[in-house]
Every structure is written in C-alpha cells, then in structure tokens.
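Subject: Structure for your review

Dear colleague,

Please find below the structure that I am handing over to you. My notes on what was found follow it.

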Amino acid sequence: MVAVKNSGHYGLSGYYAEQAVKKNLITMIYTNAPPAVAPHGALKTLFGTNPICFGSPTGSKIPFILDTSISMINRGKIRVAARNNQSIPAGVALDKSGKPTIDAKKALAGVQLPIAGFRGSGLAWMVDILSGVLTGGNHAGRVKDPFDDFSGPQNIGHLFITFKANLFQKNYNQRIKDNIKTIKKLPKIKGVKEIMYPGQNKYARYKNNYKKRNFYTGYNKERFGNLNKLTSLEHPKKR
Ligand SMILES: NC(=O)c1ccc[n+]([C@@H]2O[C@H](COP(=O)([O-])OP(=O)(O)OC[C@H]3O[C@@H](n4cnc5c(N)ncnc54)[C@H](O)[C@@H]3O)[C@@H](O)[C@H]2O)c1
C-alpha cells in the first residue's frame, strides 16, 4: 500500500493500474481532486471528480480496468463545452441557485452532480477519506484548483493498494477467465454486439489509434495543429 500527499494532478488512474496488472497484481487506486461535485443535498461543490480505479489481470492480453470518476460528467468536458458555447447533457449539473442546467458556463459556476445520487456522493466521500484524510493530503474541499488558484501547492492525496492476484486461489487467472466468459455469454439487448468488461473499450480505442499513428485524438486540430506531424513522435511503447 502506498500513500501519496503533496501531489498535483496525476492524470489517469488507469495508467498506474495497468502497470500493476502487467505484473499480475490486483490494484485499487483512489485520488481526490479540486471541488467540482456537490455532496448529496448540498448546494456547494466540495468533492472532486475523485476517480475510483480497480485493475485486475484477466488471463488475457486485455486487462480489466475500471477507472471511473464519480461525477456524471468530466469537468474538462464542461470546460470545452463552455469554450465552444455548446450545451451539456441534461441531468449532470445544477446552476448556482440549484436549478438543473444544460448551460456549460452556468454549470461551471454551479455544481456537478455525482453518479447515482446519494450512492455516488458516498463513494466520492469514501475517496476523499482514503486519499485525503488518510494520506495527509488536502481534503474536505481544500484541494486547490490548478486553473485559478495559484496560492500554493494543490496537495492532492492518492492511495494505491495492490496485492497478488493469486493470493488466495492459485488459479486466479483461470477463475477470472471463467467469470468473464460467463458474463459475456449473457443474452444481449438489441443493438449490442458484445458485452465488454471495463477497460476493454479503451484498449480497442488504443489499438485503433495506434494503428493509425494517431496519438493526440483529444486535441482540437484547429487550436493545436497536427501534433503528430509537428513532433513526428512515435508512441514510446507498443502495449
Ligand atoms: N486525476 C484526476 O483528478 C481525475 C479526475 C477525474 C477523472 N480522471 C480520469 O479521467 C478518465 C476518464 O474518466 P471517466 O469517468 O470519464 O471514464 P469513462 O466514463 O470513459 O469510463 C469509465 C469506466 O467505464 C468503462 N466503460 C466505458 N464504456 C464501457 C462499455 N461500453 N462497456 C464496458 N465498460 C465501459 C471504462 O473502461 C472505464 O473503466 C479516467 O482515466 C480517470 O482516472 C482523473
């Protein structure tokens, strides 16, 4: 178990989980983040989008990596929508007076909603305790916003818990293969081709982008130009 304090934005939790999974380790990772989400019943942001990450080997090349924020929408997506005068989906945010809004700018001034109401709020709170209270990092809404508060370090906290997948059952990989196979065989809703496990969708996207040598899919070409060509960068490692 590793606890980190005095940290800044560390990017994607799944990146760290993937490294552990490659060594046949199960991993749970928690991090807090600047205020974005209102605790259930509150009209003020306090929790970050506090991602919860769980990684496990699958006995196949594609790891199981559940890496999910506890907010209905990423803050970055709201910022992009606000910049481009676009609306955001209904049901993901409230304006500053507590009314539901699809106006990105009003959402940034108001509060983001957690996933699944009080359940998501509880998960966000759990992450704040594990990554902030426990580690010595900032917590309870005191993590600084890297975009508009330069008064000091963010002091984000992270918690990494990792252990051998075959700790209790020697044939863990065989067991998880059976688990995934059983779930994948379930009858599907119309229009669904495959029941995917978390991480599978992202691996497929990565493979596709790798094939096209497209490493900067998230960037707006008009603003940044074609970074692939400009930098002539190759991806450091094929996974
Ligand atoms: N450092 C920070 O402060 C911070 C804060 C929030 C989010 N993040 C990162 O942002 C990233 C994106 O978060 P997100 O909440 O938008 O993720 P997301 O909603 O794209 O995916 C959440 C999870 O659902 C799985 N998933 C998605 N579609 C699926 C499907 N059709 N079938 C099965 N599984 C599916 C994904 O593999 C993933 O594990 C994460 O890597 C997270 O760590 C970082």
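What span should the 17 residues of helix 4 have at 1.5 Å a residue, and how far apart are its end C-alpha atoms? The expected span is 24 Å, because each step along the helix counts 1.5 Å and the span covers one step less than the number of residues. The end C-alpha atoms of helix 4, which comprises residues 117-133, are 23 Å apart, in agreement with that expectation.

Please bear in mind throughout that this is a predicted model.

As to the overall picture, the protein has 239 residues, of which 31% count as buried. It contains 8 helices and 7 strands. If one takes the contacts between residues at least 6 apart in sequence, 57% of them join residues at least 24 apart.

The sheet

Five of the strands deserve attention together. They form an open sheet of 5 strands in the order 1-7-2-3-4, and the pairing is antiparallel. Strand 1 (2-7) and strand 4 lie at the edges, each pairing on one side only. From one strand to the next, the twist averages 10°. Strand 1 and strand 7 run antiparallel and are joined by 4 bridges. Within this pair, S7 stands opposite I156 of strand 7.

Helix 4 and the sheet

Helix 4 packs on this sheet, where it touches strand 2, strand 3 and strand 7. The direction of helix 4 makes about 90° with that of strand 7. Which residues of helix 4 are buried? They are G120, S121, A124, V127, D128, L130, S131 and G132. These buried residues pack against strand 2 (25-31), strand 3 (52-56) and strand 7 (156-164). As general background, an α-helix has 3.6 residues a turn, so residues three or four places apart point the same way.

The ligand

The model also includes a ligand with 22 residues around it. Those that come nearest are L12, A33, P51, S69 and P198. Two or more residues of the shell are given by each of helix 1 (13-21), strand 4 (64-68) and helix 6 (200-211). Which element gives the most to the shell? Strand 4 does, with 4 residues. Strand 4 is thus both an edge strand of the sheet and a contributor to the shell around the ligand. By type, the residues of the shell divide into 8 nonpolar, 12 polar and 2 charged.

With kind regards

Technical notes. Residues numbered from 1 in each chain as written. Predicted model: local features only at pLDDT ≥ 70, side-chain atom pairs only at ≥ 80, totals over all residues. Buried ≥ 20, exposed ≤ 12 C-beta atoms within 10 Å, placed from the backbone. Contact = placed C-beta atoms within 7 Å. Near = placed C-beta within 6 Å. Nonpolar A, V, L, I, M, F, W, Y, C, P; charged D, E, K, R; others polar. Pairing = 2+ DSSP bridges. Axes fitted to C-alpha atoms, helices over the stretch in contact; angles between N-to-C directions.
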